[in-house]
Structures are given as structure tokens and as C-alpha cells.
Protein chains: 2
Amino acid sequence: MTATIKDVAREAKVSVASVSRALNGGGGVTPATAQRIREAAARLRYVPHSAARSLITRRTHTIGALLPDLHGEFFSELIRGIDLEARSHGLHLLVSSSHDGEEDAAAALRAMQGRVDGVVLLSSPHVDAAFLKANLPDGLPIVLLNSDVKNGADAVLNIDNFAGTYAMVRHLVDIGHQRIAFVGGPKDNYDARQREAGFRAAMAKFLPGEPVRVLAGDFGESSGYVAARELLAMKSRPQAVFAANDTMAVGCLQAFKEAGLAVPGDIAVAGFDDIPIARYVTPSLSTVRVRIAELGKNAMELLADLMDRPGLSAASVHTLGCDIVVRESCGAHRGGATITTTKKIRRTSNR
Amino acid sequence: MTATIKDVAREAKVSVASVSRALNGGGGVTPATAQRIREAAARLRYVPHSAARSLITRRTHTIGALLPDLHGEFFSELIRGIDLEARSHGLHLLVSSSHDGEEDAAAALRAMQGRVDGVVLLSSPHVDAAFLKANLPDGLPIVLLNSDVKNGADAVLNIDNFAGTYAMVRHLVDIGHQRIAFVGGPKDNYDARQREAGFRAAMAKFLPGEPVRVLAGDFGESSGYVAARELLAMKSRPQAVFAANDTMAVGCLQAFKEAGLAVPGDIAVAGFDDIPIARYVTPSLSTVRVRIAELGKNAMELLADLMDRPGLSAASVHTLGCDIVVRESCGAHRGGATITTTKKIRRTSNR
DNA sequence: TTGTAGGCGTTATCAC
DNA sequence: GTGATAACGCCTACAA
């Protein structure tokens with residue numbers, strides 16, 4: 001049987017109140033008795049029963065992470081960033097991942113009710129203001145990741161997709177490309193929309209006269225392949241293709257290889273995300289890197305902040321900059337990888 | 001304020017005892033009153049306070065996953081497998097990842113004390129029988145993953161590294177290779193040792209006269225590169241290299257490419273793990289695939305089983321088979337990827 | 001400084 | 001079938 005506070009009290013010949021005070025550091029105990037109590041606790045390997053404690057303190061010292069059905073690097077790096085930061089705050093991490101439909105995510109969010117002091121939520125298309133209002137217990141601190149929810153109530157932290165795409169277009173223009181095509185992502189995907197918006201803005205800025213070529217894609221490798229085939233069929237073939245994610249860029253590379261086109265000699269290719277494969281394809285892929293672990297860390301910092309000041313309005317929007325990673329696939333490359341950061345974290349609070 | 005069981009009792013005009021009975025399905029309540037109670041609960045959006053409940057039931061309905069400092073696919077797929085299965089058992093998942101030293105992992109394990117009903121622990125070199133005995137609360141069900149702990153007390157689930165390597169060697173022999181070299185992993189790594197053992201066993205079995213060439217590696221890409229350089233310097237160059245993981249195999253490919261050797265024409269290369277990159281390198285890499293999500297799922301099933309029967313001896317050893325994935329890097333390949341499963345899950349109980 | 005006692009929200013054990 | 005009521009382990013006024 002594991003020891004309770006009563007056992008420690010008996011062992012140290014004091015009351016349970018003193019044990020509680022001594023162990024929780026509140027003061028009001030003689031150094032000598034505090035010492036005796038700590039020794040007794042150690043001897044008995046006493047660990048406070050967390051359920052009993054949180055029944056009265058109303059705190060679980062646990063935060064929840066709710067994620068859609070993700071695979072690979074993004075998932076692991078995000079959890080890693082959140083977990084590390086949570087631990088440094090003395091918080092545990094309850095993970096609920098692989099949520100697909102809206103009902104599924106809603107159930108998971110409700111199931112966290114009472115088990116967590118705060119939530120980090122990575123958005124899926126169906127997560128909107130109404131969804132949150134319906135399924136989030138009032139007053140539970142939450143940080144929304146990668147979301148376009150603007151309910152004027154919650155803290156939102158986003159990847160700076162816009163600035164990342166914008167900077168990559170600028171790079172392509174700098175090294176001499178003009179006819180630049182863009183392969184977009186799913187219409188209901190927030191990242192995809194932001195990236196396309198960044199592309200259009202950059203084109204308008206740097207190449208005002210140039211027609212804007214945007215092809216459809218769905219973030220899958222084969223959709224990149226298909227888009228590249230379409231490009232090949234154009235009368236005036238683009239000098240560069242910028243895919244809204246690396247996976248599609250890899251599909252483009254494949255299509256160009258099959259068509260006998262040299263990359264970057266005949267056509268340049270760029271991606272977004274810097275997935276591990278980007279380094280290994282031939283030619284290595286220039287891309288926009290997202291520092292995912294840092295995203296998780298920042299989200300957790302934000303959440304810890306919210307948890308510290310209950311009642312304060314959480315409404316705020318934060319943005320995490322990206323890095324431009326220059327490799328071989330765009331030309332003008334001289335060995336290794338050149339990395340440029342678009343900007344530091346940017347904060348747009350609306351308090 | 002959120003509603004408690006008392007509020008529901010008042011609303012339904014019954015006692016709290018009846019509310020508890022009605023909502024927990026135990027019976028002993030008239031269908032009519034049960035219905036009335038459920039309606040009252042729904043009206044008040046009543047959610048039982050989990051801390052209060054687990055204070056008396058001694059169950060948290062949460063399991064913990066303790067993982068070393070991992071990156072990438074392995075981490076995410078494992079969590080995914082565990083989470084999905086846990087959810088289907090109505091269990092929450094508390095994740096504690098990125099543990100480095102022994103003290104770090106020990107602290108994390110102790111911190112889970114009282115917050116979880118069971119633990120899935122992915123082994124690191126320092127996790128042994130003594131470590132578990134010192135940091136694991138007695139009686140807490142645990143499943144050890146990827147571990148050579150044989151304390152005759154705990155359930156252990158391992159990847160069948162031995163059979164995987166063995167089968168790959170058989171494949172290499174089948175397609176005509178004889179002088180096969182092996183690049184090993186870190187000496188203190190369980191997987192690495194098992195894989196090397198499988199290699200030696202297979203060589204002894206299939207090519208009894210052949211000298212066994214084993215080179216040192218550390219699972220890093222550059223160690224594969226270095227090993228490949230050593231191979232190139234040998235008087236009688238091997239016909240095939242089998243690296244203990246894909247990362248090193250990629251390093252080998254790089255070295256051979258630089259040396260102007262054709263793969264698989266001049267030399268065959270095989271890896272282990274089937275990391276995503278394996279498909280994308282040129283030539284695509286033949287390897288041994290580990291179904292990681294399935295590993296997580298099986299671990300969780302095992303754990304749920306243990307949690308259901310308290311007191312029963314948990315001691316058992318389970319093994320999950322691997323798949324041989326034949327791509328281009330070994331020769332004798334005809335498009336696509338051929339996949340062969342070494343075996344189904346194998347169970348060696350010592351009850 | 002220290003001890004006593006009430007209560008957090010739930011389930012379980014009794015009576016009725 | 002239903003309702004009091006005693007735990008569960010802890011924290012925290014309030015008394016001493």
C-alpha cells in the first residue's frame with residue numbers, strides 16, 4: 001500500500017496539517033520539524049495523491065494537446081516542443097491525436113473536461129468559433145494553433161505562411177526567375193490559403209506585369225506530378241515552380257525528370273515545409289522551413305501565461321516566422337544550404 | 001460553475017446515490033427514474049469530476065507513455081498506435097517524451113505515480129531491471145517496448161530485429177550475393193545488437209564458409225559513409241552491404257556514388273527501418289520495414305489486458321514481425337516494391 | 001508554530 | 001428501488 005499524508009504525520013509525530021504545510025513550502029513550520037517531516041516522507045516514499053489534491057485545489061497540473069490525424073515529422077516535433085516546455089513548467093501532457101471528423105474532435109475535447117488546466121488545439125477545417133463555443137468548458141484556457149478563428153476571445157498562434165511564401169518568391173526573383181507558377185493546396189486548408197495569398201502578394205509586388213499562374217493541388221505527391229505535367233504543356237513554359245508544400249514539389253521533380261528536363265537548369269523548383277526528404281531528393285530541394293518544435297514551445301508558453309492569469313482576456317494573435325532554405329533546386333546555389341530567417345516571432349495583440 | 005452530482009440529484013428530485021447508480025449503469029434503478037436522471041444531467045451539462053471519482057475508485061482511466069529523446073516517424077507512429085488503441089478502451093494518454101539521462105527518465109516515471117493506471121515504456125540503454133524496481137510503484141502494470149529486460153516479472157514487446165535481418169540476408173543470398181558485409185549500430189543499443197546477431201546467424205546458416213564482415217557504425221549517416229569507404233578499400237570488395245539502419249545505408253549510397261560505383265550493379269545496399277526517405281533516394285532502398293503504429297497498438301492491447309487482471313503475473317515476451325521491402329538497391333527488382341512479411345506476431349509467454 | 005475539523009465530488013455500504 | 005452516510009486523501013480556515 002502506498003503511503004498517505006496520515007502515515008507521514010504519524011511517522012514524523014505531527015499532524016497532517018503540518019505535513020501539508022511543510023511539503024508545500026507554505027511556511028509556518030519550524031525548520032526543524034519541516035526537516036523531520038521531509039525525512040519521514042522520504043522514508044515512506046510518500047507521493048501526494050494527485051486526484052485528492054486536485055479535488056480541492058481545482059488544478060490538475062496537466063495540459064491537453066488535441067491534434068488532427070497527422071503523420072510524421074510535424075506531429076512528433078510539435079509534441080516534442082510542447083512536452084519539453086510543459087515539463088519545465090511542471091505540467092503533464094495529455095495527448096489526444098488522430099482526430100478525423102468534427103464529432104470525433106468534439107468528443108475528445110469534451111473528454112478532457114476536468115482532466116486538464118488548459119488546451120493546445122491544432123486546427124482542422126471544421127474547428128471554428130462555433131465549434132469552440134459548443135465544446136469548450138467556459139474559462140478553460142486554450143491556445144489555437146494554425147487557425148483562422150477570429151472570435152476575439154482566444155489566443156491564436158500561426159506559422160507565418162504568408163511571409164514565408166513571400167520571401168521565397170523574392171528569392172526566386174532575385175536569382176533571375178520571372179515566369180513563376182504556383183501549385184496550391186486544398187481549398188479548405190488554412191496553410192494552403194495563406195501560402196497562396198503570400199504568393200499572389202509577392203507577384204503583385206515584385207513582378208507587377210507578370211501573369212499569375214496558379215495550379216490546383218491537394219498537398220499529395222501525385223497532385224504535384226499532375227500539375228508539373230500541365231506546366232510542361234504550356235506554350236510559354238514557366239522558369240520556376242513553387243509548390244505549396246514539399247510533397248508536391250517532389251512530385252514536380254519526378255515529372256520533370258521523366259520529361260528529361262534539368263532542374264534547376266531548365267526549370268527551378270521550390271517547396272514549403274522542409275520535410276526530411278527535401279535534403280535527399282536530387283537535386284536537393286530549396287524550401288521554406290517551419291520550426292515546428294519552436295511552434296509547440298511557443299504555444300505552451302502562451303498557454304502557461306494564460307493559465308497564470310485567469311480571467312484576463314486571452315484574445316491575441318501571434319505569428320512565428322519561417323526560414324528560407326536555399327539548396328540546389330532553384331539554381332544560384334553554391335554547396336551546403338543557405339538559411340535565412342524571415343522574421344522573429346511577431347505579435348499582434350488585440351487587447 | 002459546473003454542475004455536480006448534487007445539482008443533478010436536486011434537479012431530478014432523487015438522492016445522489018441514485019444519480020450515481022443511474023449514470024454508471026450499475027442497475028438498481030427504475031427505468032423511469034433513470035431516464036429522469038439522465039435528462040436532468042443532460043440539462044445541466046453534468047460531467048463527473050474525474051479527480052473525485054478516481055479518488056475513490058483508484059482508477060484514473062489514463063495510461064502513460066514514457067519515451068526517450070526520439071525524433072521523426074518512429075515517435076509519431078508509435079504514439080499514434082498507442083493513442084488510437086487507448087481511446088478504443090476509453091483510456092486517456094499521458095505522454096512524457098524526450099527523456100535523456102537515467103535520472104530524467106526516473107523522475108518522469110515517478111511523476112506519473114498516481115496519475116496513470118499503467119505505463120508503456122520504450123527502453124533506453126539505462127532502463128534495466130534495477131531501474132524499474134527503483135522507480136516503478138509496485139503493482140503498476142507496465143509494458144516494456146524494445147527491451148532486453150528479463151526480470152521475469154514484466155511484459156515485454158519487441159520488434160523482431162533478428163528475424164528481419166535474417167530474412168533480408170536470405171533475400172540477398174537468394175538473388176546471388178555471397179560476400180555480404182554488415183554495418184552495425186551502437187554497442188549499447190538493443191536493436192543494433194539483435195540485428196547484428198540476426199546477420200551472424202543467417203550468414204552461418206546460408207553461407208557457412210563465408211567470412212563474416214562486420215563494420216562499426218553508430219546509426220548516423222556519416223558512420224555509414226565511413227564504413228562504405230572502408231569497404232571500398234578492401235582487397236576483395238563485398239557484393240552487398242547491409243546496414244543496420246536506413247540512415248547508414250543512405251550514407252553508404254552517398255559514398256558509392258562519389259566513388260563512381262553503380263548500385264546495385266557494382267554493389268548492392270540494404271537497410272533497416274523503412275524510413276520515408278528510403279523510397280526517395282536513388283536507387284530506392286531495399287529495407288526491412290517495422291510496422292511501428294502496430295507496435296504501439298499491440299503494446300496498448302497488452303497493457304489493457306494487464307490492467308484488466310490485477311495480480312496476475314505479467315511476465316511474458318512478445319515479438320512483432322517485420323516486412324522485407326524489395327526496391328532497387330539490391331538488384332533483381334522489377335518495378336514497384338515487393339513486400340514480404342517475416343511472420344505474424346509471436347508470443348513467448350513464460351507463465 | 002501546531003493541531004482539529006470541515007469539505008472538495010464521487011462511489012460504496014448500509015439500512016429502509 | 002431508494003436514500004442517508006461514510007469513506008477516499010488532501011488542503012486550509014480556525015483554534016489553541
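**Note on the predicted two-chain model with DNA**

1. In chain A, Val183(A) has Leu215(A) of strand 7 as its bridge partner. This bridge belongs to the pairing between strand 6 (residues 180–183) of chain A and strand 7 of chain A, which is parallel and runs over 3 bridges. Helix 8 (residues 161–174) of chain A packs on the sheet, where it touches strand 6, strand 8 (240–243) and strand 9 of chain A, and the direction of this helix makes about 170° with that of strand 8 of chain A. Please keep in mind throughout that this is a predicted model.

2. The sheet in question is an open one of 4 strands in chain A, with the order 7-6-8-9 and parallel pairing. Its edge strands are strand 7 (213–215) and strand 9 (268–270) of chain A, each of which pairs on one side only. On average, neighbouring strands of this sheet are turned by 20° against each other, with direction ignored.

3. Chain B likewise holds an open sheet, in which 4 strands follow the order 7-6-8-9 and pair in the parallel sense. Because strand 7 (213–215) and strand 9 (268–270) of chain B stand at the edges and have a single partner strand each, one side of each is left without a neighbour in the sheet. The average turn between neighbouring strands here is 20°, direction ignored. Within this sheet, strand 6 (residues 180–183) and strand 8 (residues 240–243) of chain B are joined in parallel over 4 bridges, and Val183(B) stands opposite Ala243(B) of strand 8 of chain B.

4. A separate set of pairings in chain B centres on strand 1 (residues 62–68), which is mostly covered, since 6 of its 7 residues are buried. Strand 1 of chain B runs parallel to strand 2 of chain B, to which 6 bridges join it, and Ala65(B) has Val95(B) in strand 2 of chain B as its bridge partner. Strand 1 of chain B also pairs in the parallel sense with strand 3 (residues 118–122) of chain B, over 4 bridges, with Leu121(B) in strand 3 of chain B as the bridge partner of Leu66(B). Together, strand 1, helix 5 and strand 2 of chain B make a right-handed β-α-β unit.

5. How many residues does each chain bring to the contact between chain A and chain B? The contact takes 33 residues from chain B and 33 residues from chain A. On the side of chain B that touches chain A, helix 4, helix 5 (72–88) and strand 2 (92–99) of chain B each supply at least two residues, and helix 5 of chain B gives the most, with 8 residues. By class, the residues of this side of chain B divide into 15 nonpolar, 14 polar and 4 charged. Strand pairing also crosses between the chains: strand 2 (residues 92–99) of chain A and strand 2 of chain B pair in the antiparallel sense over 3 bridges, and Val95(A) stands opposite Leu93(B) of strand 2 of chain B.

6. DNA strand C is surrounded by 24 residues, of which the closest are Ala17(A), Ile5(B), Ser20(B), His49(B) and Ala52(B). The elements that give two or more residues to the surface near this strand are helix 2 (16–23) and helix 4 (50–57) of chain A, together with helix 2 (16–23) and helix 4 (50–57) of chain B. Helix 4 of chain B gives the most to the surface near DNA strand C, with 5 residues. The residues of that surface divide into 13 nonpolar, 10 polar and 1 charged.

7. Around DNA strand D there are 25 residues, and Thr4(A), Ile5(A), His49(A), Ser15(B) and Ala17(B) come nearest. Helix 2 and helix 4 of chain A, together with helix 2 and helix 4 of chain B, are the elements that give two or more residues to the surface near DNA strand D. At this strand, helix 4 of chain A gives the most, with 5 residues. By class, the surface near DNA strand D has 13 nonpolar, 10 polar and 2 charged residues.

8. Among the residues closest to DNA strand C, Ile5(B) deserves a comment of its own. Ile5(B) lies in helix 1 (residues 5–12) of chain B, and, leaving aside neighbours within four places in sequence, Ile5(B) is in contact with Val16(B), Val19(B) and Ser20(B). Why does Ile5(B) count as partly exposed? The reason is that Ile5(B) has 19 C-beta neighbours inside 10 Å, whereas a buried residue needs 20 or more. The C-alpha atoms of Ile5(B) and Leu231(B), which are 226 residues apart along the chain, are separated by 72 Å.

Conventions
Residues numbered from 1 in each chain as written. Chains lettered and ligands numbered in written order. Predicted model: local features only at pLDDT ≥ 70, side-chain atom pairs only at ≥ 80, totals over all residues. Pairing = 2+ DSSP bridges. Axes fitted to C-alpha atoms, helices over the stretch in contact; angles between N-to-C directions. Near = placed C-beta within 6 Å. Nonpolar A, V, L, I, M, F, W, Y, C, P; charged D, E, K, R; others polar. Contact = placed C-beta atoms within 7 Å. Buried ≥ 20, exposed ≤ 12 C-beta atoms within 10 Å, placed from the backbone. Right-handed = clockwise from strand over helix to strand, strands pointing away.
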